[in-house]
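The following exercises concern one protein structure. Each task is followed by a solution in steps.

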Amino acid sequence: MQDSVLLHGHPARLVTAGVAAILLAVTSGSAAQTRPPSTAEPLVRVVVVGDSLSTGHGTSPQEAWPALMRTDPGVAGLEVVNAAEDGSGYVSLGDYNGTFGTQVDDFVTPDTGIVVFFGSENDLGYASSDVGDAALAAMDRAEALAPEARIIVVGPPSYTSNPDPGLVDISDQLRTATAKAGAEFVDPISEGWISDDFDDLIGPDGDHPTVLGQHYLLEHIGAYLEQAAPAAEAALEGRQDLHKPAA
């Protein structure tokens, strides 16, 4: 991790990485880095860009699906950096005035192998075209910072078979932006995530996952990460080979 973390757009908030990690882990689980058990294979760095569905809000940062990845054998070769922030979206400002775009700026590095965007219902109420434009900008920025990275965009889930039209609009905008960026789009609405098991997977607030719900998200999102990991690792290894001095 770098010696310092600058939250873009907030020049007064230049703090040491240790202090930032403690503060964000206690409050929202944001920027918490989780490492799987050591393996013989090199780790693929994954940056999770998201909202409170990924911070563990309603449970704990340790129970958030990115944190649970450290003990999941299917994705044991991944090093996960959880950049998610409560309240954030592509346009919506989070609890620390960040967006998905600033999360990319703050945590995506040239050695990142996979960037996962997840959400966000927090963008409800904003013009869908603005969401689409901000999403494409965030994806393009991620590609610029990590040219070899695989980008996976997971839209916002709906907990019912009759989704909010606003969520559908956001999903449609994200699908279009993802295609323009040449990334992979995952649509929880069309796949029916959570809707059949709402009572078990969503907590009393009717919005945030239970511990079981976080395991559900890990199972579903982790499957895409597992598929992307070999190509991400190969791309990063190829990049490293290009920078090796000639024998």
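**Exercise 1. Determine the burial and the backbone setting of Ile 194.**

Solution. Ile 194 has a relative accessible area of 3% and is buried, where buried means under 20% relative accessible area, exposed over 50% and partly exposed in between (1.4 Å probe, protein chains only). The residue lies in the loop between H7 and H8. Helices (H or I, at least four residues) and strands (E, at least two) are DSSP runs, numbered from the N terminus. Although Ile 194 is not a glycine, its phi is positive, about 75°.

The model is predicted: local features need pLDDT of at least 70 and side-chain atom pairs count only at pLDDT 80 or more, while totals for chains, interfaces and linings use all residues. Residues are numbered from 1 along each chain as its sequence is written, and side-chain values use heavy atoms, with hydrogens and water left out.

**Exercise 2. Describe the surroundings of Leu 201.**

Solution. Begin with the location: Leu 201 is in helix H8. Its relative accessibility of 5% counts as buried. Next, list its contacts (heavy atoms within 4.5 Å). Leaving aside neighbours within four places in sequence, Leu 201 is in contact with Ile 194, His 208, Pro 209, Thr 210, Leu 212, Gly 213 and Tyr 216. Finally, consider a C-alpha distance: Leu 217 is 16 residues from Leu 201 in sequence, and the two C-alpha atoms are 9.5 Å apart.

**Exercise 3. Which residues form the negative surface patch?**

Solution. The patch consists of Asp 196, Asp 197, Asp 199 and Asp 200. Patch members have over 30% relative accessible area and no salt bridge; like charges are joined within 9 Å, and nonpolar side chains (Val, Leu, Ile, Met, Phe, Trp, Tyr) within 5 Å. Lys and Arg count as positive and Asp and Glu as negative, whereas His and the chain ends are not counted. The place of a charge is NZ of Lys, CZ of Arg, CG of Asp or CD of Glu. Among the members, Asp 199 belongs to helix H8 (residues 198-201) and is exposed, at a relative accessible area of 69%.

**Exercise 4. How many salt bridges does a search of the whole structure find, and which parts do they join?**

Solution. The search finds 2 salt bridges, each defined as a side-chain nitrogen of Lys or Arg within 4 Å of a carboxyl oxygen of Asp or Glu.

1. Arg 141 pairs with Asp 105, with closest N and O atoms 2.7 Å apart. Because Arg 141 lies in helix H5 (residues 128-145) and Asp 105 in helix H4 (residues 100-107), the pair ties together parts that are 36 residues apart in sequence. Arg 141 is partly exposed at 37% relative accessible area, and Asp 105 is partly exposed at 27%.
2. Arg 175 pairs with Asp 187, with closest N and O atoms 2.8 Å apart. This pair links distant parts of the chain, 12 residues apart: Arg 175 is in helix H6 (residues 165-181), and Asp 187 is in the loop between strand S8 (184-186) and helix H7 (188-191). Arg 175 is partly exposed at 41%, whereas Asp 187 is buried at 9%.

**Exercise 5. Locate the cis peptide bond and characterise Asn 97.**

Solution. The bond from Gly 119 to Ser 120 is cis, with omega near 10°. Ser 120 lies in the loop between strand S6 (112-118) and H5. Asn 97, not a glycine, has a positive phi of about 65°. Asn 97 is in the loop between strand S5 (78-82) and H4 and is partly exposed, at 43% relative accessible area.

Notes: Accessible areas come from the Shrake-Rupley method with a 1.4 Å probe; for residues, only the protein chains shown count as cover.
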